[in-house]
Amino acid sequence: MVARAARDIQSGMTVNLGIGLPTQVIEHIAADMQVCLHSENGIAGIGPAQPYDAADRNLIDAGGAYVSPVAGTSYFDSAVSFALVRGGRLDLTMLGAFQVSMHGDLANWKIPGLFTPGAGGGMELAQKAKQVIVLTTHTDRKGRSKLVQECTLPLTARGCVARIFTDMAVIDVTPKGFALCEIAAGLTTDDVIKATDAPLAVPRGKIPTF
Amino acid sequence: MRLPDKTTTMRDAIGEITDGATVMIGGFGVPGTPFCLIDALVQQGTKDLTIIKNDANESGMGVDHLLKNGQVARLITTHIGLNPRAIEMMNAGDMAVEFCAQGILAERIRAAGAGLAGILTDIGIDTELGEGKQRVSVGGHSQMVEAALGADFALIHAGQADPFGNLCYAGTAQNFNPAMAMAANTVIAEAEVVRPLGQLAPNTIHTPGPFVDRVVELTELTEEYAVVRR
């Protein structure tokens, strides 16, 4: 799933990879790819993660991972970092999710009474990146679908998600709702339909696998 | 003519902070967090504080000491996912937590520092964070009024400073420090190194000295500043 998601990153893009699964996408970006990775704590041009012994104590990404610079990296403050996001300079962000609705609504910051980490920069990323992709497990720990008709958890942003990568499928959010695009090797269309708590449009013919 | 010398001791600088004060603290995770100033505030035991900080650090670090010590009545923040104590205190009602979108927190602070009353934005307008906020229509688009956010004190960590309070930050340690260093009545900066006046190249200075009130040189970097082993 993570490797498949990395293939959606195109040459020339400025990209923000959110905390959690999306952070792993960096490991699947080709070394010769022309791409600028941004992190909201104030860095543009993120290189590979650093092991403990090689880490610079002043150089982290927003998830707290120690990262390295690349040739041309810049550092800046939080106001500038979010000017970049809100100002429309971010081509793509990949975010985690608690729930995504068939209308593209995203919930990923608050499970009332249980776990409320806060949205961090998630609201700005979800609302203002030109393209928002979600990476998530298809179901939560209790087996409930994270893909739903309407989010029951507090929203991060409305109608923002264009595409969802899960361990089961690649699903687009269209004006008519969820549409199946690709399926994980070894699974059937019925498996995905059963695990999705909303209508899922399935195209005719053979569905590509990943 | 010579620029004023603002260097002082940790004890004198923190001694100005009294019970009930609002204190903004720089840092995003470890980089830029003024751990020594926070430790001095913990030693002093000042109570009923309103703390403004991007995050609540991690267990056993920085702001977590203030929480553990029961010194914080209210926390204005963007993300506390790495501090279980903060989430616990919030759920138990032992501390009020006000969440703010991260870039909006930065702009509210920047606005206060720039002498503006607030900003207009649509960030979070469809969410809980948009509830109860004044709406204004600009060019046909609905925007929310987000009030400027200043403080009585700002605690700042700089890599380098000079005695006048010119500050330079290292790597991703800038984060909230430059905005906060403009937005408090009394701005206290700790610095890893304080160089003589004239030794910081004017074009490399991130925070100009006139914004800063007190400069404290760190005699040593405690363990909290080091790379965190995970």
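Just past helix H2 of chain A, Gly88(A) adopts a positive phi of about 90°. This is a predicted model, and the helix that comes before that glycine is a good place to start reading it.

Helix H2 of chain A covers residues 78-86, and 7 of its 9 residues are buried, so the rest of the structure largely encloses it. The buried set runs through Ser78(A), Ala79(A), Ser81(A), Phe82(A), Leu84(A), Val85(A) and Arg86(A). What does the covering of these residues include? Chain A contributes strand E2 (36-39) and helix H3 (122-128), while chain B brings in helix H5 (102-113) and helix H6 (177-180). The cover over H2(A) thus draws on both chains.

That leads on to the contact between the chains. Chain A puts 37 residues into it and chain B puts in 38 residues. On the chain A side, H2 and H3 each supply at least two residues. Which element gives the most to that side? It is H2(A), with 5 residues. By character, the residues of chain A that touch chain B split into 18 nonpolar, 12 polar and 7 charged.

Over in chain B, Met90(B) sits in helix H4, which spans residues 84-92. Is Met90(B) buried or partly exposed? A residue needs 20 or more C-beta neighbours within 10 Å to be called buried, and Met90(B) has 19 inside 10 Å, so it counts as partly exposed. Setting aside neighbours within four places in sequence, Met90(B) is in contact with Met95(B) and Val97(B) from its own chain, and with Thr116(A) from the other chain. As for Ala151(B), it lies 61 residues away from Met90(B) in sequence, with a C-alpha to C-alpha separation of 22 Å.

Back in chain A, there is an open sheet of 3 strands, ordered E7-E6-E9, with mixed pairing. Its edges are strand E7 (106-107) and strand E9 (147-148); each has a single partner strand, so one side of each lacks a neighbour in the sheet. Strands of a sheet pair through backbone hydrogen bonds, in either a parallel or an antiparallel sense. In what sense do E6(A) and E9(A) pair? Strand E6 of chain A, residues 99-101, runs parallel to E9(A), and the two are joined over 2 bridges. Within this part of the sheet, Val100(A) stands opposite Leu147(A) of E9(A).

Notes
Residues numbered from 1 in each chain as written. Chains lettered and ligands numbered in written order. Predicted model: local features only at pLDDT ≥ 70, side-chain atom pairs only at ≥ 80, totals over all residues. Buried ≥ 20, exposed ≤ 12 C-beta atoms within 10 Å, placed from the backbone. Helix = DSSP H or I, 4+ residues; strand = E, 2+ residues; numbered from the N terminus. Contact = placed C-beta atoms within 7 Å. Nonpolar A, V, L, I, M, F, W, Y, C, P; charged D, E, K, R; others polar. Pairing = 2+ DSSP bridges.
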